[in-house]
Every structure is written in C-alpha cells, then in structure tokens.
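Let's walk through this structure together, one region at a time. Please keep the sequence and the 3D view side by side as you read.

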Amino acid sequence: MAVGGVEVSRAPAGVVPDRKALVRLEEVIKVYRESDVETIALRGVDLAIEEGDSVAIMGRSGSGKSTLLNLVSGSDRPTAGRVLVDGTDVGRADEAARAQLRGRVMGIIFQSQNLLPFLTLEENVVLTGRLAGSELDRSWARELLDRVGLGDRAHHRPEQLSGGEQQRGGLACVLAAKPRLMLADEMTGELDSATAARLLDLVREIRRTEGMTVIMVTHDEGVAQTADRIVELRDGRVVADRRVR
Ligand code: ADP
C-alpha cells in the first residue's frame with residue numbers, strides 16, 4: 001500500500017488492535033524533510049504495548065528506534081498514522097495537552113541525564129516529583145536515592161557525580177514522578193556492566209512494585225533480554241516482534 005508516496009507495510013494478519021494498550025502506534029509513517037532531501041524514518045509501524053509490559057526496541061543505527069521513541073514521548077509528530085498514549089492522540093494533541101500527558105503518564109530517561117546542575121541530587125529528586133504532582137517530602141526523596149544506591153550522595157551536585165551515578169540519579173528522579181510509562185534511550189549505554197546490571201535490577205523491581213510499563217531502546221542483546229518483549233526495526237519497519245518471557 002502507498003500512503004503519500006511512501007510504500008508502507010501492513011500489520012501482520014491476525015494482529016488485533018488491543019483496547020487495553022497503553023501505547024498504540026497505527027500505521028505510523030515519519031518522513032523528515034530538509035530542503036530537498038527526504039528521509040523516511042518509519043514506513044508504517046503498527047505496535048500495541050499493554051500496561052505493565054516491558055518492551056526493548058532493537059535494530060541497527062538508523063533503523064528508526066529514536067524516531068519511534070520521540071513520537072511516543074510527543075517530542076515529534078508522525079507524518080501519517082496515529083500514536084496513542086493512554087488514549088490521547090499524541091501526534092495531534094496541542095503542546096499543553098502533550099506536556100500534561102508527559103507529566104501525568106511518562107518518565108523519560110535519555111542518555112545524557114537532565115539533572116539540573118545547580119541543585120543537589122536530593123533537590124533534583126524532590127523538584128521532579130513535585131513538578132509531576134507527587135506529594136514528595138525529603139525523607140521519601142532520600143529513600144529513593146537509597147534505592148538507587150546513592151543515599152550517601154544526596155547533597156552532591158551532578159558535576160560531583162560519576163556518569164553512572166548521574167544515570168542512577170536520573171532514574172531516582174523518574175521514580176519520584178511515579179510514571180506509568182518509562183521511556184529510555186540507551187539507558188545503560190555509558191555504564192560499566194556491574195552498574196548496568198544494578199540499574200536493570202532496579203527497573204525490574206520497580207516494574208513489579210509499581211506496575212510500570214517500559215519501552216527501552218537498546219543495541220545490547222543482554223539488556224533486551226531483561227524485557228518481556230523484543231521488537232526489532234529495520235529500515236523503518238518492524239521486522240520481528242517476539243515475547244521472551
Ligand atoms: P536509530 O535511533 O535507529 O539510530 P533514528 O530514528 O535516529 O534511528 O533515524 C532514522 C532515520 O531518520 C535515519 O536515516 C536518520 O538519519 C534520520 N533522521 C533522524 N532524525 C532526523 C532529523 N531530525 N532530520 C532528518 N533526518 C533524521
């Protein structure tokens with residue numbers, strides 16, 4: 001089928017749209033246009049992710065992983081098709097509605113952590129939680145920092161922390177906001193394997209206790225195996241979608 005001049009792939013036969021899905025992509029196409037250069041990043045992606053599920057998005061560089069995550073987070077809009085998060089059409093919602101959805105539903109972890117440099121770790125956690133509407137006092141912020149193994153770093157500013165500690169600090173901030181949906185782009189990309197393993201254990205624990213849904217982009221097969229489901233992209237298409245547990 002061709003949509004807007006783009007040849008798209010259809011969902012495999014038998015895939016039934018799931019009404020319980022927290023995240024749903026329907027025939028999503030994303031074309032980037034810069035002057036006369038056109039790049040088709042997604043060529044008709046259908047994906048339904050249920051509440052509580054954990055999905056790893058894999059694929060070579062340039063296959064469309066970050067584009068997909070950006071569309072779900074609402075930081076970009078699809079060229080065609082729909083991206084629904086908790087029933088909201090993220091691609092068509094105005095900026096205020098998208099910001100509200102992000103605050104209400106999402107926690108976003110990107111490779112470079114967005115800790116505020118002039119605040120201590122504890123202040124970062126308290127502020128992020130309050131911005132998301134959580135009733136968060138300092139003792140709970142300390143508990144979260146303990147859980148990510150940074151209880152003794154609460155009064156440090158980000159520049160006084162290692163890269164791995166900043167990553168875990170960012171995760172504590174995400175937890176403070178109690179998101180239903182965590183989006184992570186190469187969450188463990190710059191971490192040594194022991195720290196990465198600790199972080200992944202923590203995510204698993206939080207999923208169990210809070211029922212959080214996770215979508216994580218990774219190129220690391222070991223990281224992907226900690227998810228429930230692995231979706232592989234190639235040239236903007238879903239070429240494999242398998243449940244690993
Ligand atoms: P991945 O995350 O799998 O490496 P991306 O989603 O970043 O892939 O990119 C998919 C394709 O879209 C690539 O060809 C990339 O060059 C292109 N692309 C991504 N972002 C932009 C942009 N802002 N402008 C133009 N092209 C882009």
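The paragraphs below start at the ligand, move on to a helix and a strand beside it, and end at the surface.

Keep in mind that this is a predicted model. A good place to begin is the ligand, which is surrounded by Tyr 32, Glu 34, Thr 39, Ala 41, Arg 60, Ser 61, Gly 62, Ser 63, Gly 64, Lys 65, Ser 66 and Thr 67. Sorted by class, this shell holds seven polar, three charged and two nonpolar residues.

Now look at the polar atoms around the ligand. A polar side-chain atom of Thr 67 lies 2.6 Å from a ligand oxygen. For Lys 65, an N or O atom of the side chain is 2.8 Å from an oxygen atom of the ligand. Ser 63 uses its backbone instead: an N or O atom there is 3.1 Å from a ligand oxygen. How much of the ligand does the protein bury? Taken alone, the ligand exposes 560 Å², and the protein buries 63% of that.

Which elements give two or more residues to the shell? They are strand E3 (21-34), strand E4 (37-50) and helix H1 (65-73). The largest share, three residues, comes from H1.

Helix H1 deserves a second look. This helix is mostly covered, with seven of its nine residues buried. The buried residues are Lys 65, Thr 67, Leu 68, Leu 69, Leu 71, Val 72 and Ser 73. Two of these names are familiar from the ligand, as Lys 65 and Thr 67 also belong to its surroundings. Just after H1 comes Gly 74, where phi is positive, near 80°.

Next, turn to strand E4, where you will find Ile 40. Is Ile 40 buried, partly exposed or exposed? Its relative accessible area is 24%, so Ile 40 counts as partly exposed; the buried class would require a value under 20%. The C-alpha atom of Ile 40 is 9.8 Å from that of Thr 79, although the two residues are 39 apart along the chain.

Finally, let's visit the surface. Leu 116, Phe 118, Leu 127 and Leu 131 make a nonpolar patch of about 420 Å². Phe 118 sits in the loop between strand E8 (106-109) and helix H3 (121-131). Why does Phe 118 count as exposed? Its relative accessibility is 61%, and the exposed class begins over 50%.

Methods:
Residues are numbered from 1 along each chain as its sequence is written. This is a predicted model: local features need pLDDT of at least 70, side-chain atom pairs count only at pLDDT 80 or more; totals for chains, interfaces and linings use all residues. Side-chain values use heavy atoms; hydrogens and water are left out. Patches are made of residues with over 30% relative accessible area and no salt bridge: like charges are joined within 9 Å, nonpolar side chains (Val, Leu, Ile, Met, Phe, Trp, Tyr) within 5 Å. Accessible areas come from the Shrake-Rupley method with a 1.4 Å probe; for residues, only the protein chains shown count as cover. A salt bridge is a side-chain nitrogen of Lys or Arg within 4 Å of a carboxyl oxygen of Asp or Glu. Helices (H or I, at least four residues) and strands (E, at least two) are DSSP runs, numbered from the N terminus. Buried means under 20% relative accessible area, exposed over 50%, partly exposed in between (1.4 Å probe, protein chains only). A residue is near a molecule or strand if one of its heavy atoms lies within 4 Å of it. A polar contact is a pair of N or O atoms within 3.5 Å; within protein, one must be able to donate a hydrogen and the other to accept it, and residues adjacent in sequence count only if both atoms are side-chain atoms. Ala, Val, Leu, Ile, Met, Phe, Trp, Tyr, Cys and Pro count as nonpolar, Asp, Glu, Lys and Arg as charged, and the others, Gly among them, as polar.
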